Amino acid sequence: MPRTPHSAPHLRVMSVLGLLAALLLPLGMTFAPGALAAPTADPVRVMPLGDSITGSPGCWRALLWNRLVNSGYKDIDFVGTLPTQGCGQAHDGDNEGHGGELVTNVADQNLLPGRLASTRPDIVVMHFGTNDVWSSIAPDRILAAYTKLVTQMRASNPDMRILVAQLIPMNPSSCAGCAQRVVDFNARIPGWARATGTDRSPVTVVDQWTGFSTAADTYDGVHPNASGDDKIAARWFPALSAVLDAGVPQDPGDPGDPGEDPAACTARFRTVSSWQGGYQGEVTVTNTSASAVRGWTATVVPANGARLTQLWNGSLTTAADGTATVRNAAWNGTLAPGASATFGFVATVPATAGTPAATVTCTGTAPAA
C-alpha cells in the first residue's frame, strides 16, 4: 500500500489531542483558541507508471523527488503499490513501475483500476511501452492501450493530469530493430496526445528521447545508468513542476472565465538554444496597461512545423494545428504595470526546419471591479 507521509503524523497528533480534550473537559479545563489546528490540505499525489525503467530501481524517481523538494514543492506524495528499491538517497519511493510489464497487457487485463483505487493519484507520470516495442507490437495497438489507460485514469479522477514520455532510445544487442521501432513509435505520441487531451484532463508529452544516448546513458542499451537517470529526471522536472504550479484547471480564478475584462499586454519570443530536431524557447509576457493584471494567456504559433512538447512556468494546451495556448501559473499571474513574467518550453521540429521562430500574442485579465 502507498505511504501517506504527510497525513499520518497529523492524524496521530489529532488523536492524542482529542483524547486530552476528552480527559480535561470534565475538570473544567479547555484549550486556548487555535490549540486544535485545522487539518492541512492533502498532498498532491503523483504516480510514476511504467515498467523496469520506472521501477527497477528507477533511480530517476529519487533524483526527481529531491529536485522537487529542494525547489520548494513540499506538499507532494509519490504513490504506487510498489515500495522504494534503494538508489542510495532518501526519497519517497512508492511507484507503479512493474519490471517486464507490457502496457498492452496492463490494458487487456484491466490491471490499472485496482492500482488507481489503492493510490488515488492526481497526476500520472508515464514512461510505458518499451517492452511492447521490443516485442514488435504495432504502434496502433500500443496507443489503443494508452487510450484505455487514460480512460481508466479519468474514471478514477476526472481531473487527472497525465504526463506521457516519448520513450528513451533502445538499442540492445539482442534486438536489431528496436532502435528504429522506438523512433517510429515516438513519432506517433504527440498526435495521440493532441487527440486524447482535454481541458479538464490534459495530456502533456515529455520528450525523453532527444539527447539521450544508449551508449553513454544506459548500461545495457535499454536501462538507464546514473547519467541516464539524471537526464530522465531533468526532462520530467519542468513538465511536472508546471502542472504543480498550474493547479486545478477549473479554478474560478483562472484567466479567461466568462465576464472577465481583458487588459493590455505584449509577448516576446526568443530562442535559448537549438539542436538537430528541436530547440528551447522562451516567451516574456509584459503588462502594458496602466493597472495591474491578475492573470494572462499567451498564444504561441511555432513556425516550420514545430510542436511544443514541454513547458514550465505556465499551463499548456495544444491545438491540432500546433497552436499552443499558455496560461499563467498560480504564482506568476499577477503583474503590476510594466512588470513581466517568463515561461520556457522545449519544441520538436522536423529535420528540414530552419531557424526557430514563433508568432506570440497575449491577453491579460484585469482585476475584478
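The points below go through a predicted model, beginning with the whole chain and ending with single residues.

1. The chain contains ten helices and 15 strands. Of its 369 residues, 49% are buried, and among the contacts with a separation of 6 or more, 75% are between residues that lie 24 or more positions apart.

2. Helix 7, residues 139-156, can be checked by its length: at 1.5 Å a residue its 18 residues should span 26 Å, and because the C-alpha atoms at its ends are 26 Å apart, the expectation and the model agree. The buried residues in this helix are I142, L143, A145, Y146, L149, V150, Q152, M153 and R154.

3. Two packed helices are described by the angle between their axes and by the distance between those axes. For helix 7 and helix 8 (residues 178-196) the angle is about 35° and the axes are 11 Å apart, in a crossing that is right-handed. Helix 7 brings P139, D140, I142, L143, Y146, T147, V150 and R154 to this contact, while helix 8 brings F185, R188, I189, W192 and T196. By character, the residues of the contact are eight nonpolar, two polar and three charged.

4. Helix 8 also holds N186, which is buried because its relative accessible area, 4%, falls under the 20% limit. Apart from its neighbours within four places in sequence, N186 is in contact with Q166, L167 and W209.

5. A second helix pair is formed by helix 3 (residues 60-70) and helix 10 (residues 226-246), whose axes come within 8 Å and cross at roughly 45°. The two helices are therefore oblique to each other, and helix 3 passes helix 10 in a right-handed crossing. On the side of helix 3 the contact involves W60, L63, L64, R67 and L68, which meet D229, D230, I232, A233, A234, W236, F237, L240 and L244 of helix 10. The residues of this contact divide into eleven nonpolar, no polar and three charged.

6. Some backbone features deserve a look, given that most residues other than glycine have a negative phi and most peptide bonds are trans. The bond that joins S56 and P57 is a cis peptide bond, with omega about 0°, and P57 is found in the loop between helix 2 (52-55) and helix 3.

7. N110 is not a glycine, yet has a positive phi of about 50°; N110 belongs to the loop between helix 4 (103-108) and helix 5 (112-119), and with a relative accessible area of 43% N110 is partly exposed. S136, likewise not a glycine, has a positive phi of about 60°, and is found in the loop between helix 6 (130-134) and helix 7. Its relative accessible area is 49%, so S136 counts as partly exposed, a class that ends at 50%.

8. Towards the end of this list comes A357, placed in the loop between strand 14 (340-348) and strand 15 (358-365). Its relative accessibility is 30%, and A357 therefore counts as partly exposed. Although A357 and R270 are 87 residues apart in sequence, their C-alpha atoms are 8.0 Å apart in space. When its neighbours within four places in sequence are left aside, A357 is in contact with F269, Y279, P302 and A303.

Conventions: Residues are numbered from 1 along each chain as its sequence is written. This is a predicted model: local features need pLDDT of at least 70, side-chain atom pairs count only at pLDDT 80 or more; totals for chains, interfaces and linings use all residues. Side-chain values use heavy atoms; hydrogens and water are left out. Helices (H or I, at least four residues) and strands (E, at least two) are DSSP runs, numbered from the N terminus. The expected span of a helix is 1.5 Å times one less than its number of residues. Buried means under 20% relative accessible area, exposed over 50%, partly exposed in between (1.4 Å probe, protein chains only). Axes are lines fitted to C-alpha atoms, for helices over the stretch in contact, and angles run from 0 to 180 degrees between N-to-C directions. Angles under 35 degrees count as roughly parallel, over 145 as roughly antiparallel, 65 to 115 as roughly perpendicular and the rest as oblique. A crossing is left-handed if the near helix is turned anticlockwise from the far one by less than a right angle, and right-handed if clockwise. Contact means heavy atoms within 4.5 Å. Ala, Val, Leu, Ile, Met, Phe, Trp, Tyr, Cys and Pro count as nonpolar, Asp, Glu, Lys and Arg as charged, and the others, Gly among them, as polar.
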